[in-house]
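These are my notebook entries on a single protein chain, written while I had its sequence and structure open side by side. I went from the overall make-up to individual side chains.

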Amino acid sequence: MSEPLADFLARAASGLSPHPPGPDDPTSNPRGDHCLDPDGAAVIPPPPHRRAAVLVPVVFRAAGPNLVLTQRAANLRDHSGQVALPGGKIDPTDPGPADAALREAFEEIGLPPESVRLLGYIDPYLSGTGFLVTPVIGLVSETATFRPNPSEVADVFEVPLSVLMDRERYRLRSREWQGRTRWFYALPFGERLIWGVTAGILNNLRERLYPEPESGRVRRSAG
């Protein structure tokens, strides 16, 4: 086992939760973009929240670990063209969040479930539209191939994990949405912008894998 892989697995074992939050766990105050509002005036979507799960796929390449992301198809009704993690709603037939995340990853990018080693979970993330998203962290086999479903995914791409684990790259931005100022994380990567729920989840992963002695302040910018 390479030293970078051993380090990553050690951080995952230390920082991730081995079990997902159950339906009766106290998730009435989960992480979400509403936590970023400096004035505390953000409207928190009331329960019942709709359950969803995303896979956070990490794959080790010769140059180091990468994280796999998608760009949603332009024809989708919701969040078209945005950068996302593979995932979606937890169906009644899904035994749990990990099953839903793996099922969605196979449907969206053709990632076989057997190519993913589940490592654990991070904090649920509440979206502004009322979805309570459980992120499932998985180590993807380096031999796995991706076949994006064109009706859902325009592109599959990889970002070096070192980029996403760099606190200085995250910016707190704001824009008007439904008559209110919405605050969210944003992280530029080349010509793409990783923002909103996806950036929030990745920042939470950073906090879990690379905890800081003291909370750093994130720069704010408008627009």
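**Entry 1, overall make-up.** I counted four helices and 13 strands in the protein chain, taking helices (H or I, at least four residues) and strands (E, at least two) as DSSP runs numbered from the N terminus. The model is predicted, and for that reason I required pLDDT of at least 70 for local features and 80 or more for side-chain atom pairs, while totals for chains, interfaces and linings use all residues. Residues are numbered from 1 along each chain as its sequence is written, and side-chain values use heavy atoms, with hydrogens and water left out.

I looked up the confidence next, pLDDT being the predictor's confidence in each residue, from 0 to 100. The protein chain averages a pLDDT of 87, and 87% of the residues score at least 70. Among its elements, strand β6 (residues 116-121) has the highest mean pLDDT, 98, and β13 the lowest, 48. Where pLDDT is low, I note that the predicted coordinates should not be read in detail.

Of the 223 residues of the protein chain, 47% count as buried; buried means under 20% relative accessible area, exposed over 50%, and partly exposed in between (1.4 Å probe, protein chains only). Counting as contacts heavy atoms within 4.5 Å, I found that among contacts between residues at least 6 apart in sequence, 67% join residues at least 24 apart.

**Entry 2, the β11-β12 hairpin.** Strand β11 (residues 180-189) and strand β12 (residues 192-195) run antiparallel and are joined by four bridges; two strands pair if DSSP finds at least two bridges between them. The two strands form a hairpin with two residues between them, and G190 in the turn has a positive phi of about 60°. For P188 I looked up the bridge partner in β12, which is L193.

W195 is also found in strand β12. With a relative accessible area of 15%, W195 is buried. Leaving aside residues up to four places away in sequence, W195 touches Q82, R175, R182, F184, Y185 and A186. I also checked W195 against L172: they are 23 residues apart along the chain, and their C-alpha atoms are separated by 9.5 Å.

In strand β10 (residues 171-177) I looked up R173, which is partly exposed with a relative accessible area of 23%. From R173 to L187 there are 14 residues in sequence and 9.9 Å in space, C-alpha to C-alpha.

**Entry 3, helix α4.** Helix α4 has 14 residues and reaches 20 Å from its first C-alpha to its last, close to the 20 Å expected at 1.5 Å a residue, where the expected span is 1.5 Å times one less than the number of residues. Because 11 of its 14 residues are buried, α4 is largely enclosed by the rest of the structure. The buried residues include G196, T198, N203, N204 and L209.

**Entry 4, salt bridges around E212.** The structure holds 15 salt bridges, each a side-chain nitrogen of Lys or Arg within 4 Å of a carboxyl oxygen of Asp or Glu. I looked first at E212 and R167, whose side chains meet in a salt bridge at 3.2 Å, N to O. This pair links distant parts of the chain, 45 residues apart: E212 is in the loop between α4 (196-209) and β13 (220-222), R167 in the loop between α3 (161-164) and β10. E212 is partly exposed at 32% relative accessible area, and R167 is partly exposed at 25%. The side chain of E212 also meets that of R206 in a salt bridge (2.7 Å, N to O), and R206 counts as buried at 5% relative accessibility.

**Entry 5, the network around R103.** R103 forms a salt bridge with D91, the closest N and O atoms being 3.3 Å apart. Here too the pair links distant parts of the chain, with R103 in helix α2 and D91 in the loop between β5 and α2, 12 residues apart. D91 counts as partly exposed at 31% relative accessibility.

D94 lies in the loop between β5 (87-89) and α2 (97-109), and at 11% relative accessibility D94 counts as buried. Its side chain makes a polar contact with the side chain of R103 at 2.8 Å; a polar contact is a pair of N or O atoms within 3.5 Å, where within protein one must be able to donate a hydrogen and the other to accept it, and residues adjacent in sequence count only if both atoms are side-chain atoms. Not counting residues up to four places away in sequence, D94 touches K89, D99, A100 and R103. I closed the entry with the network of salt bridges that links D91, D94, R103, E104 and E107.
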